[in-house]
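Let's look at this one together and ask how each label is earned. Here it is.

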Amino acid sequence: MKTSTVVGIVLAVLLAFASLSATAGYLWARADSDRPAPQRALPAQWPSKDGEALRPVPMPGGELVTALPTDTGGQVLCQALDQERWESLLGGKVLREVRDGACHVVGTTAEVLLTLDSRAANLQDPSDVEVAGHPGQLEYLPPEVNARLDVRLVDAEGTGQVHPYLRVELSGNAGVDTLTESVAREVVQAVSAPGPALPAQAKDGTIPLQHPAPAAIVDAPWPMISWQLCAALTRELGGTGKPRFDGSCTVRGVEATYTDIVTPRAFPERIAGRPALVTDELVAVKLTDDGSQELTFTGPGRSLRSVAEAVLPRLLDR
């Protein structure tokens, strides 16, 4: 047999083998990419050690979602999408809780943390994205199983009460950048229903007086709390209310202030069915059983307990 014929046969065999190998590699890669993402068991203990169960909260409209008390913000973000939609997005069963003011969602294939923040995150090599009409920045670094996305919801500067940024942090399998954008887009659309803009603040923190329909102050945005406090106090005391952005109002020397900071106070008495502390200087009322929301009344020359008893039913929407 001629040498050229032998060489031709060898080359043909090698080319056929290479073709088969390439085909096998393609099919293997195809099978691997089509393989469902690995599932993991959901936590047996839920809420987690530091987590809070979801409770019914009102959904704010307009820009007021960026002016929520911290714990309320986590509740709103978790409930912006219902259970069925969360499971559809993440591809399996999910559990939701609020942890340290953030919405924490754990699924069988991914884990999500959503937070409203006063400052932008320090992202590494981010890419610019648009999320439901809002500017955002996406961090997606090797090994590409985690992503962070910041979305600026309003132009206002961040403060203790204003949180212009929605942050979505997601960990899972390859391709979480696309999933992170999907989660952010749907949450932003859900919390951006038509509604009021943030009120302008004066240098002393005061805001223009408004007269909204009566509503409970629990889990409301800071400005709405202030307006409801003014409405309730002026109805009882007369005069004109002086609302501030931080959830407080002063009417004729009586100041009502809403806080969401845990205090060491004990509440041995009850006013309008809620635990209360009554002293010569103040009246403090615990508004919720499972949170840190309190309302305090201060001011000289009046029976603060009488004022609290008169206005609390309206403020609790009873």
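**How the labels are earned**

Helix α5 is mostly covered, with 12 of its 16 residues buried. Keep in mind that this is a predicted model.

Q: What makes residues of α5 count as buried?
A: The cut-off is under 20% relative accessible area. In α5, residues that fall on the buried side include Trp222, Ile225, Trp227, Leu229, Cys230 and Leu237.

Q: What do the buried residues of α5 pack against?
A: They pack against β9, β10, β11, β15 and α6. Contact here means heavy atoms within 4.5 Å.

Q: How do you know that the span of α5 agrees with what is expected?
A: The rule is 1.5 Å times one less than the number of residues. For the 16 residues of α5 that should give 22 Å, and the end C-alpha atoms are 22 Å apart, so the two agree.

Q: Where does α5 lie, and at what angle does it run to β10?
A: Helix α5 (residues 222–237) lies across β9, β10, β11 and β15, and makes about 20 degrees with β10. Just after the helix, glycine 238 has a positive phi of about 75 degrees.

Q: What order do the strands of the open sheet take?
A: There are 7 strands, in the order β9-β10-β11-β15-β14-β13-β12, with antiparallel pairing.

Q: Why are β9 and β12 called edge strands?
A: Two strands pair if there are at least two bridges between them. β9 (242–244) and β12 (269–271) each pair on one side only, and that puts them at the edges.

Q: How do you know that β14 and β15 pair?
A: Pairing takes at least two bridges. Strands β14 (residues 282–286) and β15 (residues 294–298) have 5 bridges and run antiparallel, so they pass. For instance, alanine 284 has threonine 296 in β15 as its bridge partner.

Q: Which helix packs on the sheet and touches β12, β13 and β14?
A: That's α6 (residues 304–315), which also touches β11 and β15; its direction is at about 145 degrees to that of β15.

Q: What makes β12 and β13 a pair?
A: They are joined by 3 bridges and run antiparallel, against a minimum of two. Arginine 270, for example, is partnered with proline 275 in β13. The two strands form a hairpin with 2 residues between them, and alanine 272 in the turn has a positive phi of about 55 degrees.

Q: Why is β13 described as largely enclosed?
A: Because 4 of its 5 residues are buried, the rest of the structure largely encloses β13.

Terms used:
Residues numbered from 1 in each chain as written. Predicted model: local features only at pLDDT ≥ 70, side-chain atom pairs only at ≥ 80, totals over all residues. Heavy atoms only, no water. Axes fitted to C-alpha atoms, helices over the stretch in contact; angles between N-to-C directions. Buried < 20%, exposed > 50% of the residue type's maximum accessible area, 1.4 Å probe, protein only.
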